[in-house]
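Q: Please take a close look at one part of this model: the space enclosed inside the protein. What lines that space, and what lies around it?

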Amino acid sequence: MFSAIARIFRTPDLRAKILFTIGIIALYRLGSNVPAPFVHFPNVEQCLAENTGTDGLLGLVNLFSGGALLQLSIFALGVMPYITATIIVQLLRVVIPHFETLHQEGQAGQTKLTQYTRYLTIALALLQSATLVTVARSGQLFGQTSVAACQNLLTNDVWWAQALIIIALTAGTGLIMWMAELVTERGIGNGMSVLIFTSIAATFPSALWGIQEAKGFDVFLLVLLIGLVVMTLIVYVEQSQRRVPVQYAKRMVGRRTYGGTNTYIPIKVNMAGVIPIIFASSLLYLPMLVAQFNTPTDGSEPPAWVAWVSTYLVSGDQPLYMLIYFLLNIAFTYFYVAITFNPVEVADNMKKYGGFIPGIRAGRPTAEYLDYVITRITFPGSLYLGIVALIPLIALATVQANQNFPFGGASILIIVGVGLETVKQIDAQLQQRHYEGLLR
């Protein structure tokens, strides 16, 4: 292992890529701690000390920004506008035929879709930064709190100061997007995934130390043990796949023979990634938001439905909340897999190049068979995602750990997934040069 790491740094171009990636990560973490203009940072620090965590969608966004959201830094929005824009563009392929046509045009069409994603990212960043400034100005960024500092997070709330904050946050999002593309071109791994990995990994030490301070060393060791087991199981499932065999018939083109090869279609158990967890968290955040805006501020009794929502659909330690969250993850897994994997398109491409699944006729029977396989594989994958998403809620209910429990939910899936892909990419580049990779 150590000799393989030494080979990495003895390879000049690979060493340059890794050092470039580390440099971009350092700049990203630096920007995550630089406060935006007209932000009263001492008050923000006091609010962070009084409010150790947030739940729901706000907590997820803060997790993806590496804690920069609640610090109101110039990178407060993090990568969430880009993630949202990417998901929207993927969903629009089902609704808008032009987007599906671009997707099928190869590299030129993908470049056009990437350009649309960038424009949509900036538009969403403007919208989200305006919302963030409005919430910070109203004193509701940290929820219902009696801390006076949380009501005065901005040093100047005139319109031009708010506009400057919005411009700074939007420019920060554009800079993050540019740095991610630089990592993809000149560094190691997918740039946006590496930055998400960095944001989440940056919150791990504080989350673990908070558990140790609140629950003691015994619970801390138990959490580390559970985390090791969970990571091992997630690595096993993320690497699991159903390989559908494909054969290509021989064909003569001039004097040359093409085809005659055997390959397979790898269908992963978890094809949806972390997207269902993000969808489910976003949808469950809506009742909490509606109840918050309908709660009387004069201290009177709230309506019955608001009290019910506040009791059962706000706190993650409620059994009903857990059940709904689990079922939403299953539903969104099927939904997202159905959008991203088109059996008819795969079957048509196989037929076009003379490929077929042994024992299955080409064309429509192949599409029906792939749809049958995908449906069966997605079921255990959806159960797996639902269980992983529930780990932070179970930790909240049992040991009263923060809902952003480090070894569960979207955080651990991203950490493991991005780590595996980055190691595989380094391993492939080592094998090109030394015929011996990083992995054995």
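A: What follows starts with the whole chain, moves to the cavity, and then visits a few buried residues elsewhere.

This is a predicted model. The protein chain has 17 helices and five strands. Of its 440 residues, 43% are buried. Take the contacts between residues at least 6 apart in sequence: 72% of them join residues at least 24 apart.

Now the cavity. How many cavities of 30 Å³ or more are there? The count is one. The space in this largest cavity is about 50 Å³. A general point helps here. Empty space shows up when a probe the size of a water molecule is rolled over the atoms.

Which residues form the lining? They are Ala36, Val39, Leu72, Leu132, Val133, Ala136, Leu154, Ile165 and Leu169. Sort them by chemical type. Nine are nonpolar, none is polar and none is charged. Next, sort them by element. Helix α8, residues 107–138, and helix α9, residues 159–186, each give at least two residues to the lining. The largest share comes from α8, with three residues.

Pick one lining residue, Ala36, and follow it. Ala36 sits in a loop, between α2 (12–31) and α3 (41–50). Is Ala36 buried or exposed? Its relative accessibility is 5%, so Ala36 counts as buried; the cut-off for buried is under 20%. Setting aside residues up to four places away in sequence, Ala36 touches Leu72, Ser73, Ile74, Ile165 and Leu169. Among these partners, Leu72, Ile165 and Leu169 also line the cavity. Look at distance along the chain too. Ala36 and Ile167 are 131 residues apart in sequence, yet their C-alpha atoms are separated by 9.9 Å.

Now leave the cavity for helix α14, which spans residues 319–340. Leu328 is found in this helix. With 17% relative accessibility, Leu328 counts as buried. Beyond residues up to four places away in sequence, Leu328 touches Ala280, Leu283 and Leu284. Its C-alpha atom is separated by 9.8 Å from that of Ser382, 54 residues apart along the chain.

Helix α14 also holds Tyr321 and Tyr325. These two tyrosines are four residues apart, which means about one helical turn separates them. Both Tyr321 and Tyr325 are buried. The model has seven aromatic pairs. In the pair of Tyr321 and Tyr325, the ring centres are 6.3 Å apart and the planes meet at 40°, so the pair is tilted. There is an aromatic cluster as well, formed by Phe279, Phe332 and Tyr336.

The last stop is Thr378, in helix α16, residues 364–398. Thr378 counts as buried, because its relative accessibility is 5%. What lies 2.6 Å from a polar atom of the Thr378 side chain? The backbone oxygen of Ile374 does. Leaving out neighbours within four places in sequence, Thr378 is in contact with Thr333, Tyr334 and Val337.

To recap the cavity: its lining has nine nonpolar residues, and α8 supplies the largest share.

Conventions. Residues numbered from 1 in each chain as written. Predicted model: local features only at pLDDT ≥ 70, side-chain atom pairs only at ≥ 80, totals over all residues. Heavy atoms only, no water. 1 Å grid on protein atoms, 1.4 Å probe; cavity = no way out; pocket = protein on both sides within 12 Å on 5 of 7 lines; lining within 4 Å. Points joined across faces, edges and corners; volume = space filled by probe spheres on them. Nonpolar A, V, L, I, M, F, W, Y, C, P; charged D, E, K, R; others polar. Buried < 20%, exposed > 50% of the residue type's maximum accessible area, 1.4 Å probe, protein only. Polar contact = N/O pair within 3.5 Å; in protein donor to acceptor, adjacent residues only side chain to side chain. Contact = heavy atoms within 4.5 Å. Phe/Tyr/Trp six-rings, centres within 6.5 Å; stacked < 30°, edge-to-face > 60°.
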